[in-house]
Amino acid sequence: MNIRINAIKNTVWNGVAIGFITPIVPGVLVWFLMQRITVLHHADLLLIGCVAINAFLMNYFFKLNKDNIGRGILSITFLWAFAFFFYKV
C-alpha cells in the first residue's frame, strides 16, 4: 500500500481529486441509509463525518511530506463543508 501512495505525484490537482472522490463513496452509502431508515432521516452529521475523512487524509499526506496533495485536499474540503452548509440552510 505504501508503494502505491508513494507513487502518487505531489501535485495540488491530485490532492483535489483525492479530496473530491473520497467523501463521495461513504456519502452515497450514508445518503442511501438516511433515505431508507427513518431513525437516520435527520442525522445530517453523518454527512459531515464523510467530509471529516478528508481531514485524516490531509494529515496523513502532510506527514509524508506531500504538502501539495495536502493543500489540494484542504481546498476541496472547504468546498465540501460549504456544500454541507448550503444543504443545511
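Colleague: How many aromatic pairs does a search of the whole structure find?
Modeller: The search finds two aromatic pairs. Please bear in mind that this is a predicted model.

Colleague: Let us take Phe20 and Trp80. Are their rings stacked or edge-to-face?
Modeller: They are stacked, because the planes of Phe20 and Trp80 stand at 25 degrees and planes under 30 degrees apart count as stacked. The ring centres are 5.5 Å apart.

Colleague: Which helices do those two residues sit in?
Modeller: Phe20 belongs to helix α2 and Trp80 to helix α5. The pair links distant parts of the chain, as the two residues are 60 residues apart.

Colleague: What is the relative accessible area of Phe20?
Modeller: The value for Phe20 is 41%, so this residue is partly exposed. Trp80 is also partly exposed, at 22% relative accessibility; buried would require under 20%.

Colleague: And what sort of aromatic pair do Tyr60 and Phe61 form?
Modeller: Tyr60 and Phe61 form an edge-to-face pair, with 5.8 Å from centre to centre and 70 degrees between the planes.

Colleague: Is Phe61 buried or exposed?
Modeller: Phe61 counts as buried, at 4% relative accessibility. Its partner Tyr60 is partly exposed, with a relative accessible area of 33%.

Colleague: Moving on to the interior: which residues make up the largest nonpolar core?
Modeller: That core has six residues: Ile5, Ile18, Met58, Phe61, Ile69 and Ile73. The elements that give two or more residues to it are α4 (45-63) and α5 (67-88).

Colleague: What else lies apart from it?
Modeller: Another core, of five residues, lies apart from the largest one; its members include Val30, Met34, Cys50 and Phe84.

Colleague: Back to Ile5. Which residues is it in contact with, leaving aside neighbours within four places in sequence?
Modeller: With those neighbours set aside, Ile5 is in contact with Tyr60, Phe61, Leu64 and Lys66.

Colleague: Now α4 itself. Which of its residues are buried?
Modeller: The buried residues of α4 are Leu47, Cys50, Val51, Asn54, Met58 and Phe61.

Colleague: Which elements do they pack against?
Modeller: The buried residues of α4 pack against α1 (2-6), α2 (12-21), α3 (24-36) and α5.

Colleague: What span should α4 have, at 1.5 Å a residue?
Modeller: The 19 residues of α4 should span 27 Å. The C-alpha atoms at its ends are 27 Å apart, which agrees with that expectation.

Colleague: And what is the sign of phi at Asn65, which follows α4?
Modeller: Phi is positive at Asn65, near 60 degrees.

Definitions and conventions
Residues are numbered from 1 along each chain as its sequence is written. This is a predicted model: local features need pLDDT of at least 70, side-chain atom pairs count only at pLDDT 80 or more; totals for chains, interfaces and linings use all residues. Side-chain values use heavy atoms; hydrogens and water are left out. A nonpolar core is a set of buried Ala, Val, Leu, Ile, Met, Phe, Trp, Tyr and Cys residues joined through side-chain atoms within 4.5 Å. Buried means under 20% relative accessible area, exposed over 50%, partly exposed in between (1.4 Å probe, protein chains only). Helices (H or I, at least four residues) and strands (E, at least two) are DSSP runs, numbered from the N terminus. Contact means heavy atoms within 4.5 Å. The expected span of a helix is 1.5 Å times one less than its number of residues. Rings of Phe, Tyr and Trp (its six-membered ring) pair if their centres lie within 6.5 Å; planes under 30 degrees apart count as stacked, over 60 as edge-to-face and the rest as tilted.
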